[in-house]
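Work through the following exercises with the structure open beside you, and try each task before you read its solution.

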Amino acid sequence: MIPGNRMLMVILLCQVLLGGTNHASLIPETGRKKVAELQGQAGSGRRSAQSHELLRGFETTLLQMFGLRRRPQPSKSAVIPSYMLDLYRLQSGEEEESLQEISLQYPERSTSRANTVRSFHHEEHLESVPGPSEAPRIRFVFNLSSVPDNEVISSAELRLYREQVEEPSAAWERGFHRINIYEVMKPLSERSQAITRLLDTRLVHHNVTRWETFDVSPAVIRWTKDKQPNHGLVIEVTHLHQAQTHQGKHVRISRSLPQGHGGDWAQLRPLLVTFGHDGRGHALTRRARRSPKHQRSRKNKKNCRRHALYVDFSDVGWNDWIVAPPGYQAFYCHGDCPFPLADHLNSTNHAIVQTLVNSVNSSIPKACCVPTELSAISMLYLDEYDKVVLKNYQEMVVEGCGCR
């Protein structure tokens with residue numbers, strides 16, 4: 001049995017997101033009264049099959065709008081990478097106090113051409129690949145089959161975590177290591193060696209603990225856009241001027257390390273991040289902290305104006321797969337469009353004429369109170385495959401209302 005408040009929230013959410021604000025009857029004058037009525041119906045067991053079908057239809061429509069084929073059912077082992085949480089907080093412009101804790105530099109160039117960011121952990125099986133040197137070369141395979149066909153990947157990055165290496169003071173100045181990232185063009189077989197091509201490389205000093213980012217766009221674009229075989233990536237770590245026993249052991253490319261911290265593997269394992277666009281709406285842009293808009297008081301509060309409508313994802317049972325935000329202020333438009341239309345009602349010339357005709361001919365309907373300005377929100381969620389997605393959704397928040 002679906003709780004009554006969930007039915008109400010689904011109706012309101014569908015009403016706002018699908019632009020059906022003309023049907024003011026779906027937006028109750030007194031929310032508490034409507035909730036009580038729906039809860040009473042749920043408790044009495046008299047909910048009709050038609051109501052259940054309506055709810056399923058609403059949820060299906062909303063999931064399609066979010067680009068999902070079915071409702072995600074996250075597993076208990078699903079991991080939310082800290083990078084994706086920080087990226088969401090930076091992108092959505094959350095409170096300044098929380099942003100001060102983030103050392104991440106916002107990827108302006110990558111997000112400027114993308115409205116969707118996806119993250120992928122590699123398959124658990126790791127394979128050593130022979131190379132020209134004794135440096136460890138590990139092959140990683142990332143399953144990108146969950147990327148929709150209509151999403152064009154513009155860039156991709158591989159993020160690796162490395163820990164500071166303790167060195168005697170004499171060796172400190174010459175403590176450098178090189179990290180090479182290759183695409184596997186042809187995998188290792190019994191008959192031939194693996195064929196790879198270099199994608200990115202970096203020479204770094206070993207006295208810092210931090211994430212390193214590598215550009216792997218050419219490989220990911222080949223796999224997704226060009227539909228070429230995905231044989232994975234190879235990571236090679238070479239220490240310069242160090243003993244062979246130190247080679248590559250401080251870069252997080254395996255579950256076990258001499259330094260320990262085995263429980264951190266879920267958050268510190270290599271992460272592949274893709275930036276893409278599905279052709280819908282605008283790209284991600286880092287927004288400043290949202291300040292509430294204050295509407296000037298009006299003499300007649302029954303006239304067309306914006307009303308508060310907070311959508312709480314826990315009320316519609318979606319808080320298990322929507323990571324952030326927990327909800328948002330969607331607002332809705334409601335009220336009269338009386339004759340004559342005042343300037344503050346933000347009316348079109350057509351609405352003015354229609355209202356004028358209505359004043360003398362009641363068979364012609366009045367102009368409707370509808371959103372005239374809408375803004376986007378960003379959502380961080382788990383998709384049907386337990387992959388974490390950051391996506392920009394257009395026209396989710398009512399910023400202004402008018403008679404049209």
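**Exercise 1.** In this predicted model, decide whether Cys-337 is buried or exposed, and then find the cysteine to which Cys-337 is bonded.

*Solution.* Begin with the surface: Cys-337 has a relative accessible area of 2%, and it is buried, since buried means under 20%. Next, look for the partner, which is Cys-403, for the two residues form a disulfide with their sulfur atoms 2.1 Å apart. The torsion about this S-S bond is about -95°, so the disulfide is left-handed. Finally, place the two ends along the chain: Cys-337 sits in the loop between S14 and helix H10 (349-360), while Cys-403 belongs to strand S16, and the two are 66 residues apart.

**Exercise 2.** Explain why Cys-368 is not bonded to the closest cysteine sulfur.

*Solution.* Take the cut-off as the starting point: a disulfide needs sulfur atoms within 2.5 Å. The closest cysteine sulfur to that of Cys-368 is in Cys-337, and because the separation is 7.1 Å, it is too far for a bond. Cys-368 also counts as partly exposed, with 31% relative accessibility.

**Exercise 3.** State how many disulfides the whole structure holds, and describe the one that joins Cys-304 to its partner.

*Solution.* A search of the whole structure gives 3 disulfides. One of them joins Cys-304 to Cys-369, with 2.1 Å from S to S. This link is right-handed, with 75° about the S-S bond. Cys-304 lies in the loop between strands S9 and S10 and Cys-369 in strand S15, so the pair ties together parts that are 65 residues apart in sequence.

Technical notes. Residues numbered from 1 in each chain as written. Predicted model: local features only at pLDDT ≥ 70, side-chain atom pairs only at ≥ 80, totals over all residues. Heavy atoms only, no water. Helix = DSSP H or I, 4+ residues; strand = E, 2+ residues; numbered from the N terminus. Buried < 20%, exposed > 50% of the residue type's maximum accessible area, 1.4 Å probe, protein only.
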